[in-house]
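Trainee: I have a new model open and would love a close look at one small part of it. Could you walk me through that part and then show me what lies around it?

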Amino acid sequence: METSEAAARWARIWQDAWQARDTDAIVMLYAPSARFSTQAFREPHHGQDGQDVEQAFSEERDPRVWVGEPIVTGHRAAIEWWAAVVENGVEITLAGVSVLRFDTVGLVLEQWDSWNQGEGLREPPAGWGQPAHRA
């Protein structure tokens, strides 16, 4: 599978599955040997157990999720994401990017996330998630 196709599939499934809180759909995107780091200084998760995703979903209510257009080079992609959620009763917005490396069949081998959060439920600004136009 071409990396651009794998990245587009990852973006579509993460958006839909996050909103539906469907851990199984997300887990199927990852190779059995995948490494997945949700924060820079945490130990990465390994494999397809999905416990980290399931735990996050259990704390969230009514997620509204946006995913940007993937930026692809070689077997890697960077994908922006934005989510307005109620987490443990508190309204927050998460904004981040996932840097992914795919295998030849389109499964994620590595994912490294960088993100931030703010108070309140916010939608992304106009033009967010679109590729930059070059002059």
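Trainee: In which element is the place of Asp62?

Mentor: Asp62 sits in strand 3 (strands are DSSP E runs of at least two residues and helices H or I runs of at least four, numbered from the N terminus). Before we go on, this is a predicted model, so local features need pLDDT of at least 70 and side-chain atom pairs 80 or more, while totals for chains, interfaces and linings use all residues. Residues are numbered from 1 along each chain as its sequence is written, and side-chain values use heavy atoms, without hydrogens or water.

Look at the backbone of Asp62 to begin with: its phi is positive, about 50 degrees, although Asp62 is not a glycine. Its relative accessibility is 62%, so Asp62 counts as exposed (over 50% relative accessible area; buried is under 20%, partly exposed in between, with a 1.4 Å probe and protein chains only).

Now turn to Arg21, which is also not a glycine and has a positive phi, near 55 degrees. You will find Arg21 in the loop between helix 1 and helix 2. With a relative accessible area of 34%, Arg21 is partly exposed.

Strand 3 also leads us inside, as one of the elements that give two or more residues to the largest nonpolar core (buried Ala, Val, Leu, Ile, Met, Phe, Trp, Tyr and Cys residues joined through side-chain atoms within 4.5 Å). This core has 26 residues, and among those that touch the most other members are Trp10, Trp14, Trp18, Ile26 and Phe102. Other elements giving two or more residues include strand 1, strand 5 and strand 6. Helix 1 provides the largest share, seven residues.

Pick out Trp18 and see what surrounds it. Leaving aside neighbours within four places in sequence, Trp18 is in contact (heavy atoms within 4.5 Å) with Glu60, Pro63 and Val65, and its other partners include Ile26, Phe57, Trp81 and Leu94.

Phe57 takes us to helix 3, where Phe57, Asp52 and Val53 are buried. Seen down the axis of helix 3, the buried residues fall within an arc of 130 degrees (taken from the directions from the axis to the C-beta atoms), so they line one face of the helix. On the other side of helix 3, Gln51 and Glu54 are exposed. Try turning the helix until you can see both sides!
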